[in-house]
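Keep the model open in your viewer and follow the stops below in order. Each stop gives a selection and then says what is there.

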Amino acid sequence: MAEIQRVLVVGGTHGNEKTGVQCVKALNRNISQFRDRSYTVGTLLANTSAIEKNCRYIEQDLNRCFSNTLLNGEPQNVEQKRAQEINSQYGPKGDDSATDWIIDLHTTTTNMGLTLVVHQNDKPALQMAAYIQSLIPDAVIFYEDRDPAEDNFLGSIAKHSLLIEVGPVPQGLLRWDIFKLTQDGLFHALDFIERYNNNEIPVLPEELHTYEFIEKLHLPRDETGDICGMIHPDVQDNDYQPLNPGDPLFITDEGETICYDGSEQVFTAFVNEAAYYDQAHGLSLMRKKIVSCGSV
Ligand SMILES: [Zn+2]
């Protein structure tokens, strides 16, 4: 029997990221093209309340509601309740999950292109990312080794997961280039699973060049906490670029440059992400990390 039996493609985990929602709807209309696969493909629109209102979330980011603690506690808001519904239908999170693989589709307002996010030390998921990168060389891999119990992302309720993040696209609208790039990434991921089940994975690089999250930086804020500056023009649209101590980073409303005050070279990501403004974050800092795809 094939190892991967049930695959779930998810869109709308963030309700204003329309590309994923559109990919799921298009997949539903054309699901017959996957009829002869060794696994079944299901689809899910995750945060239905937020999709209806065209906002990221109603009360809490749904993609932070899938830790064991929140899944097993009394739900405190609409998203925690929805997370528990999804977990009971498609999980339960852990080794007995009914879902073998979740592919969760996201977009970003930043100039990150196609980013493949692997959140656990999971060899098949890293191989999937490497496989997609071999076909779309500009794709970038984010890798973190999270404790599965504490991993609060939706994909963590399946045995394996990959999050596909594509930009730039504004929240709440569709663009063909972003839709197509997302769909290409998704279809390569589904092709990978077929190859995986049939022991037909092509030779992949031994070492993967990935980025690892360090921290988010706040935008300039005044004494009351109001945002009083923005991303410096030298950094705007420059995701995955080196940022050295002393480099321009922010610019105040008065035009004063604020430089990066860290002590070592880092790399930029999620530069001026609209979804970060709820907490006044301006960007993420990353470090490069080489991960061995064969020995994890
Ligand atoms: Zn998202």
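## Asp-191 and its partner

Select Asp-191, which is partly exposed, with a relative accessible area of 28%. The model is a predicted one, and residues are numbered from 1 along the chain as its sequence is written. Now add Arg-37: Asp-191 forms a salt bridge with Arg-37, and their closest N and O atoms are 2.8 Å apart. The two residues come from distant parts of the chain, with Asp-191 in helix H6 and Arg-37 in the loop between H1 and S2, 154 residues apart. Arg-37 is also partly exposed, at 22% relative accessible area.

## Helices across the sheet

Extend the selection to residues 176-197, which make up helix H6. Helix H6 lies across S1, S2, S3, S4 and S6, and runs at about 170° to S3. Next, select residues 123-135 for helix H5. Helix H5 lies across S3, S4, S5, strand S6 (160-167), strand S7 (207-218) and strand S13 (281-292), at about 165° to S4.

## The sheet itself

Hide the helices and look at the strands. Which order do the ten strands of the open sheet follow? The order is S2-S1-S3-S6-S4-S5-S7-S13-S12-S9, and the pairing is mixed. Strand S2 (40-45) and strand S9 (242-243) stand at the edges; each has a single partner strand, so one side of each is left without a neighbour in the sheet.

For a parallel pair, select residues 113-118 (strand S4) and 140-143 (strand S5), which are joined by four bridges. Within this pair, Val-117 has Phe-142 of S5 as its bridge partner.

## A salt bridge between two strands

Select Glu-212 and Arg-287. They form a salt bridge whose closest N and O atoms are 3.1 Å apart. Glu-212 is in strand S7 and Arg-287 in strand S13, so the pair ties together parts that are 75 residues apart in sequence. Is each residue buried or partly exposed? Glu-212 is buried, with a relative accessible area of 17%, whereas Arg-287 is partly exposed at 37%.

## The zinc ion

Select the zinc ion together with His-14, Glu-17 and His-106. The protein donors are ND1 of His-14, two OE entries for Glu-17, and ND1 of His-106, lying 2.0 to 2.4 Å from the ion. The four donor atoms subtend angles of 57 to 151° around the zinc ion, which makes the arrangement irregular. For four donors to count as tetrahedral, all angles would have to lie between 85 and 135 degrees.

In sequence, the donor residues follow the spacing H-x2-E-x88-H. Glu-17 lies in the loop between strand S1 (6-11) and helix H1 (18-29), and His-106 in strand S3 (residues 101-107), so this pair ties together parts that are 89 residues apart in sequence. Glu-17 and His-106 are both buried.

## From the zinc site to a network

Keep Glu-17 selected and add Arg-56, Asp-61 and Arg-64: these four residues are linked in a network of salt bridges. Within the network, the side chains of Arg-64 and Asp-61 meet at 3.8 Å, N to O. Asp-61 counts as buried, at 9% relative accessibility, while Arg-64 counts as partly exposed at 29%.

To finish, show the salt bridges throughout the model. A search of the whole structure finds 13 of them.

Note on methods. Predicted model: local features only at pLDDT ≥ 70, side-chain atom pairs only at ≥ 80, totals over all residues. Heavy atoms only, no water. Donors = N, O, S within 2.8 Å, 3.2 Å for Na, K, Ca; no water. Tetrahedral: all angles 85-135°; square planar, octahedral: opposite > 155°, others 65-115°. Buried < 20%, exposed > 50% of the residue type's maximum accessible area, 1.4 Å probe, protein only. Pairing = 2+ DSSP bridges. Contact = heavy atoms within 4.5 Å. Axes fitted to C-alpha atoms, helices over the stretch in contact; angles between N-to-C directions.
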